[in-house]
Amino acid sequence: MYVVESKGGAIACMLLALFFLGTWPAVMTLLERRGRLPQHTYLDYSITNLLAAVIIAFTFGEIGKSTHEAPNFSTQLSQLSDNWPSVMFAMAGGVVLSLGNLSTQYAWAFVGLSVTEVITASITVVIGTTLNYFLDDKINNAKILFPGVGCFLIAVCLASAVHSSNADDNRAKLSCLPSDDKHRSVAADTTQSGEAFPVKERKAKFGTADFLVELENRRAIKVFGKSTLIGLAITFFAGLCFSLFSPAFNLASNDQWHTLKKGVPNLVVYTAFFWFSVSCFVLAIILNVTFLYHPVLDLPRSSLKAYINDWNGRGWALLAGLLCGFGNGLQFMGGQAAGYAAADAVQALPLVSTFWGILLFGEYRKSSRRTYVFLASMLLMFIVAVAVLMASAGHRK
């Protein structure tokens, strides 16, 4: 199997993972804003997310000669009766990641792409990185690592300030519209079949009250009149889930709690990632099929037949799954070499998500100066945080 051995190679994996993991949420948000049901999108996403793990396992996991200490993926896959405790840790990590990803899909509509990613990523680092530091036998430089964690904690506070300030800006914009305009239909901007992708171009400019109304009428999850506390609660729950998946994967691949019998090799990163992705896939299918028939947050009821026939935006959803799958795989490959605490630097993915949010969705256009100050401060803190976490990288013996 292929093993990332150098610190430089580990950092390269982290940077590529950072781009992938910051881009897939933007793709999912794009589909929701164009009216595609999140249940349909997530089912498509789940398929290619698992496919990415299979591709990584049968390529990187099969390179080179298999040995007892470092078996190839296919060899270790047949040893389930010996390494099942580590497999359980890997699958537990996949379960909490699936719950976190599913939660953020709904939080994006309420809180926005940028703020959701900032809060979840910061909680992940504050809790997850601390756990990984001790699980990795403190191979990362604590004097560098924990100031980086502190930067992420500050970023949570700044993200909350951005969200509050931007919500005030939006309320001020909408207050200038007649009440009838806030509920007007935008059917003229979409196709008669109700497709997720309108044929005509958007008429309203980013950041205007008209744009906010058009977005509300077009999107799948309606947020007008609902408390933003719903979105924040979902976001914090997602953050707690995300903070546990990396430590669980760490336990699966390094067996710090000595659950394996003497002489049984640890799970290689590719085997752990495969089982991790399998559990993530199974839970996602169960929950989203349930949500088809019993939707949440006032979404319309759907069915398996409607999902199968919904091809609008399916290619984008499949792409999102590949991006997330390869991003997670690269994160774990880098973490196995440089320490999972340092690999949590990929949680600076809001830098990428915010870029896409502003470019594609017009987030924070025509906002107040106060919002821009908070936004700039938040992004600056993230730049500092990712640099500090990467500087703390150690080397696993």
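A cavity is a set of grid points where a 1.4 Å probe fits but cannot get out. A volume is the space filled by probe spheres set on those points. The model examined here is predicted.

**Exercise 1.** Find how many cavities of 30 Å³ or more the structure holds, and give the volume of the second largest.

*Solution.*
1. The structure holds two such cavities.
2. The second largest cavity contains about 30 Å³ of space.
3. Its lining consists of Met-28, Thr-29, Glu-32, Pro-38, Thr-41, Gln-105 and Trp-108.
4. Helices α1, α2 (38-59) and α4 each give two or more of these residues.
5. α1 gives the most, with three residues.
6. By class, the lining has three nonpolar, three polar and one charged residue.

**Exercise 2.** Describe the largest cavity and its lining.

*Solution.*
1. The volume is about 170 Å³.
2. Of 17 lining residues, Trp-24, Asn-101, Phe-242, Gln-347 and Leu-349 are closest to the centre.
3. At least two lining residues come from each of α1 (7-33), α4, α5 (113-135), α8 (228-254) and α11 (314-338).
4. α5 gives the most, four residues.
5. The lining splits into nine nonpolar, seven polar and one charged.

**Exercise 3.** Characterise the largest pocket.

*Solution.*
1. About 690 Å³ of space lies in this pocket.
2. It is lined by 31 residues, and those closest to its centre are Phe-110, Asn-166, Asn-170, Leu-212 and Val-223.
3. Two or more lining residues come from each of α4 (80-111), α6 (142-175) and α7 (209-218).
4. α6 has the largest share, seven residues.
5. Sort the lining by class: 14 nonpolar, nine polar and eight charged.

Conventions. Residues numbered from 1 in each chain as written. Predicted model: local features only at pLDDT ≥ 70, side-chain atom pairs only at ≥ 80, totals over all residues. Heavy atoms only, no water. 1 Å grid on protein atoms, 1.4 Å probe; cavity = no way out; pocket = protein on both sides within 12 Å on 5 of 7 lines; lining within 4 Å. Nonpolar A, V, L, I, M, F, W, Y, C, P; charged D, E, K, R; others polar.
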